[in-house]
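Take the model below and rotate it slowly. The tour starts with sulfur atoms, moves to empty space, and ends with helices and loops.

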Amino acid sequence: MPDAPREAGPGTPRREPRLRALDGLRLVAALMVAAYHYGGRGGAVTEAWGSSPKVQFPTLHAFFAYGCLGVQVFFVISGFVICMSGWGRSLTSFFASRASRLLPAYWAAVVLVTAVFALPVVAYDAVSPSDALVNLTMLQQPLGVDRVLGVCWTLWAEIRFYALFALCVVLPGASRRRVILFCALWTLAAAIAQGADEPLLDLVLMPEYAPFFVGGIGLYLVHRDRRDACAWGVVGVSWLIGQHHAVRELWHAPSADAFSNRTSLGIVLVVTFGFVAVAAIALGWLNRVNWRWLTVAGALTYPFYLVHEHLGWVVIHALHRGLGLASAETFALTVASMLLLAWLLHRGVEKPLTPRLRAALSGRR
């Protein structure tokens, strides 16, 4: 792909070819998170297995524990995609695009998980009807309401990112200079918020996640012009700060009482993988990875991510403790069943509702 010019006016949307390798990377990140939820942590999944995942996966559990970093990979991808999709769009169009992308599958997942957990044969407690209704707004976390979906905390981070990007970049009109200024100011403000230890600043500026979103934005600028030194600087600083936050949040000293003993080097390597993988896509090195099935994989990622954790517990319990299947078979069949459910949600919910909701929010008839 030839390098793009550095500047593009806010009224000239850039038509991007489908980056199917990015779809594949999305699914890889989602599978990383699923591996963590099924075999890389303790908690409620222990009840599903009947014992600790350490017992179920004596060797693999140590690797599965790094799967939680799939979230950081998601955030790098999100920075890239949101900058790409928001470039040249009006605020209304950007809002309609994001809302229609997130809400249909999310609403369906909230209703489905609430209904399944309410069944007498399911051992997990459902949230109250009032809390379930609040969950439909995606604002349950700041309101202090019990969550239906364990993974929805990441959506709350995404929403705050969308709001910052919309107000600072989309509303005035995207340009290279404005995007770089946004990245620089958010990076600086997030560092100040970290030092100030002020809850409101932390809530708005998300210092622990900002480097990943900003790094993804920088990589989209690299995608537009690989010779852009400022963009590479944004990426480099974001990686340096991002690995610091990941190590600080996820590393702990080896302990027999802790489920996981992630090493700081392992955490840095996974974070680096996320940046390098998106960089390879941005630079066009993976353009040959253009298989059509990757588009389907990308479409399944979001609904799979929404339903895999809590409904996965139910499937694991049924297969492993109910039918007596081995751990490896249970793991594989649980992932496969969640992918099938994701496909059904995509076909039955997202495909019909997403364009209708986008048209309604855009004011189109």
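How far is the sulfur of C230 from the closest cysteine sulfur? The distance is 11 Å, to C183, and that is too far for a bond. C230 itself is partly exposed, with a relative accessible area of 44%. The accessibility classes are buried for under 20% relative accessible area, exposed for over 50%, and partly exposed in between, with a 1.4 Å probe and protein chains only. C183 is buried, at 1%. The closest cysteine sulfur to that of C183 is in C83, 7.1 Å away, again too far for a bond. The structure holds 0 disulfides, a disulfide being a pair of cysteine sulfur atoms within 2.5 Å.

A word on provenance. This is a predicted model, in which local features need pLDDT of at least 70 and side-chain atom pairs count only at pLDDT 80 or more, while totals for chains, interfaces and linings use all residues. Residues are numbered from 1 along each chain as its sequence is written, and side-chain values use heavy atoms, with hydrogens and water left out.

Now the empty space. Rolling a probe the size of a water molecule over the atoms shows where empty space is left. The search runs on a 1 Å grid over the protein atoms alone. A cavity is a set of points where a 1.4 Å probe fits but cannot get out. A pocket is an open set with protein on both sides within 12 Å along at least five of seven lines. Lining residues have an atom within 4 Å of a point. Grid points are joined across faces, edges and corners, and a volume is the space filled by probe spheres set on the points.

The largest pocket holds about 1,400 Å³ of space. Its lining counts 41 residues, and R18, R26, V81, R98 and R101 lie nearest the centre. Two or more lining residues come from each of α1 (20-39), α5 (70-86), α6 (91-117), α8 (152-170), α14 (293-322) and α15 (327-362). Helices here are DSSP runs (H or I, at least four residues), as strands are (E, at least two), numbered from the N terminus. α5 gives the most to this lining, with 9 residues. By type, the lining of the largest pocket has 19 nonpolar, 9 polar and 13 charged residues. Here Ala, Val, Leu, Ile, Met, Phe, Trp, Tyr, Cys and Pro count as nonpolar, Asp, Glu, Lys and Arg as charged, and the others, Gly among them, as polar.

The second largest pocket has a volume of about 640 Å³. It is lined by 33 residues, with H37, R41, R147, G150 and W153 the closest to its centre. The elements giving two or more residues to this lining are α1, α5, α6, α12 (229-250) and α14. The split is 19 nonpolar, 7 polar and 7 charged.

Closed space comes next. There are 2 cavities of 30 Å³ or more. The second largest cavity holds about 40 Å³. Y106, M138, Q140, Q141, C152, L155 and W156 line it. α8 provides the largest share of that lining, 3 residues. Of the lining residues, 5 are nonpolar, 2 are polar and no residue is charged.

Stay with M138 from that lining. M138 sits in the loop between α7 (129-135) and α8. The residue is buried, at 8% relative accessible area. Its phi is positive, about 70°, although M138 is not a glycine. Most residues other than glycine have a negative phi, and most peptide bonds are trans. M206 also has a positive phi, about 45°, and is not a glycine. M206 lies in the loop between α10 (199-205) and α11 (210-224), buried at 1%.

Finally, follow α6. Which span should its 27 residues have at 1.5 Å a residue? The expected span is 39 Å, and the end C-alpha atoms are 38 Å apart, which agrees. That expectation is 1.5 Å times one less than the number of residues. α6 still has a kink of about 30° at L103, shortly before the proline P104. The bend at a residue is the angle between axes fitted to the seven residues ending there and the seven starting there.

Past α6, A126 is found in the loop to α7. A126 is partly exposed, at 35% relative accessibility.
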